[in-house]
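Biologist: Could you take a close look at one part of this model for me, namely the places where the backbone geometry is unusual and the strands that lie around them? I would like a connected account that I can follow with the structure open.

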Amino acid sequence: MAGGAQPRGPAARAAGAPGLLPLLLLLLSAAAILHRGDGQNLVTEDVTVVEGDVATISCRVKNSDDSVIQLLNPNRQTIYFRDFRPLKDSRFQLVNFSNSELRVSLTNVSISDEGRYFCQLYTDPPQEIYTTITVLVPPRNLVIDIQKEIAVEGEEIELNCTAMASRPATTIRWFKGNKELTGKSEVEQWSDMYTVTSQLVLKVGREDDGVPVICLVDHPAVKDLQTQRYLEVMYKPQVRVSQNYPVQGLTREGEPLELTCAAFGKPQPTDMRWLRVDDEMPQHVVVSGSNLLISNLNKTDNGTYRCEASNAVGKSHADYMLFVYDTTATTEPAVHGTPVPLNASTEALPTVQLSNASLAFPPDSRAGEEGAIRSVDHAVVGGVVAVVVFAMLCLLIILGRYFARHKGTYFTHEAKGADDAADADTAIINAEGGQNNSEEKKEYFI
């Protein structure tokens, strides 16, 4: 019996059936794969929802075999088993249940609801797949802080825009009117929330007064979230001198001239005066507020007249150059005036906080032609002098050549032997050759 005894037990059976072990390992591997959800019947999608909105979770079966479907929360507590809700959270509501789908809604979603939710299908072996709920939190309390409520032209001001408690972190963009500007952002994280602060440094001018500066937020949880502040900029006056009479004609001797000075600034100019540059104001000139009147023009009125205006920011002026023409002048010169830039002179004054409306306009100063006419007269006189000098030089050259050609020594024999004569008659009688030699007189020229 001992020699005929055979091994017993599981080891003996496994050894006796060598083909069963690989088959068993294959089945175990397939079950593990099915448990991980790879290549299985269940289908679901991730959900992204804004805090406070409704999230919908759907567990679907591609090829239904009437197996039971259930939904579990991140703590693996059963939310729904078929169409029954064991979890006592009334925010979960059944939307649809069938053999091929379990759809559940979650209302008033909060950050604590974020995580993985599991869909399970009770087959043999069971199948499982998960979906992820991501909760977005829009920024709260979007605020712009400005360094100075009222700025002066040419100053740099600092603006800060803060978007608090958002998830994920926001992106802040700056606009001045319709023009986008670049700011510098800093991000701070508090637990699961982010606070973003963006800083903008802006140099302001008079054209920025009343222009909105906009802080705009880019965030997946919200659209068109923005806030804005209007800039208030003070600037020195802008001055313009206009000619009321004559409207377009020449400023002739004996006729009247009326000028008007207009000035706008922020705050509105409180002091305006007329003066004559580099000379005293003629006694017959009448100044009434912003108007200057000369009832009877004459040549002594020629010069530059200036209108000055000032406010709390500074002082500016505009000039008018007057040239009085003769009464017979009828032609408008090609260049009648020389525009003088606005704000040619500025004196800084202490800054005050005032607010007034302002208007802007281009410079418009009308002046005379005195400088141009004087330059023309000088050119004519210079040309005449040059012609006279040239003519005199030519005449001197011609005369010099003439005298050079006729210069020489004159020789005769008329007085030969006359040195010893007592008188003129005797000299003539004693002349060598007498009258017969008179024809032999010769002249030599060199």
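Modeller: A strand, labelled E, is a DSSP run of at least two residues, and strands are numbered from the N terminus. The model is predicted, and I shall begin with a residue that sits inside such a run. Asparagine 141 belongs to strand E10, which covers residues 140-146, and its phi is near 55°, a positive value in a residue that is not glycine. Asparagine 141 counts as exposed because its relative accessible area is 55%, and the cut-off for that class is over 50%.

Asparagine 108 has a positive phi as well, near 50°, and is likewise a residue other than glycine. Asparagine 108, however, is placed in a loop, the one between strand E7 (101-106) and E8. With a relative accessible area of 49%, asparagine 108 is classed as partly exposed, so the 50% limit separates its label from that of asparagine 141, which is exposed at 55%.

Beyond E8, the backbone shows a cis peptide bond between aspartate 124 and proline 125, with omega about 5°. Proline 125 is located in the loop that runs between strand E8 (115-122) and strand E9 (127-136). A cis peptide bond also leads from tyrosine 245 to proline 246, here with omega near -10°, and proline 246 occupies the loop between strand E19 (233-245) and strand E20 (257-266).

The two strands on either side of proline 246 are themselves paired, for E19 and E20 run antiparallel and are joined by eight bridges. In that region, arginine 240 stands opposite alanine 262, a residue of E20. Both strands belong to an open sheet of five strands with mixed pairing, whose order is E11-E19-E20-E23-E22. The edges of the sheet are formed by strand E11 (151-152) and strand E22 (285-288), and because each of these has a single partner strand, one side of each is left without a neighbour in the sheet.

One further contact is worth following on the screen. The side chain of serine 316 reaches the backbone oxygen of proline 237 at 2.9 Å. Serine 316 is part of strand E25, residues 315-322, and it is buried, because its relative accessibility is 1%, against a limit of under 20% for that class. Serine 316, buried at 1%, therefore contrasts in its class with asparagine 141, which is exposed at 55%.

Notes
Residues are numbered from 1 along each chain as its sequence is written. This is a predicted model: local features need pLDDT of at least 70, side-chain atom pairs count only at pLDDT 80 or more; totals for chains, interfaces and linings use all residues. Side-chain values use heavy atoms; hydrogens and water are left out. Helices (H or I, at least four residues) and strands (E, at least two) are DSSP runs, numbered from the N terminus. Buried means under 20% relative accessible area, exposed over 50%, partly exposed in between (1.4 Å probe, protein chains only). A polar contact is a pair of N or O atoms within 3.5 Å; within protein, one must be able to donate a hydrogen and the other to accept it, and residues adjacent in sequence count only if both atoms are side-chain atoms. Two strands pair if DSSP finds at least two bridges between them.
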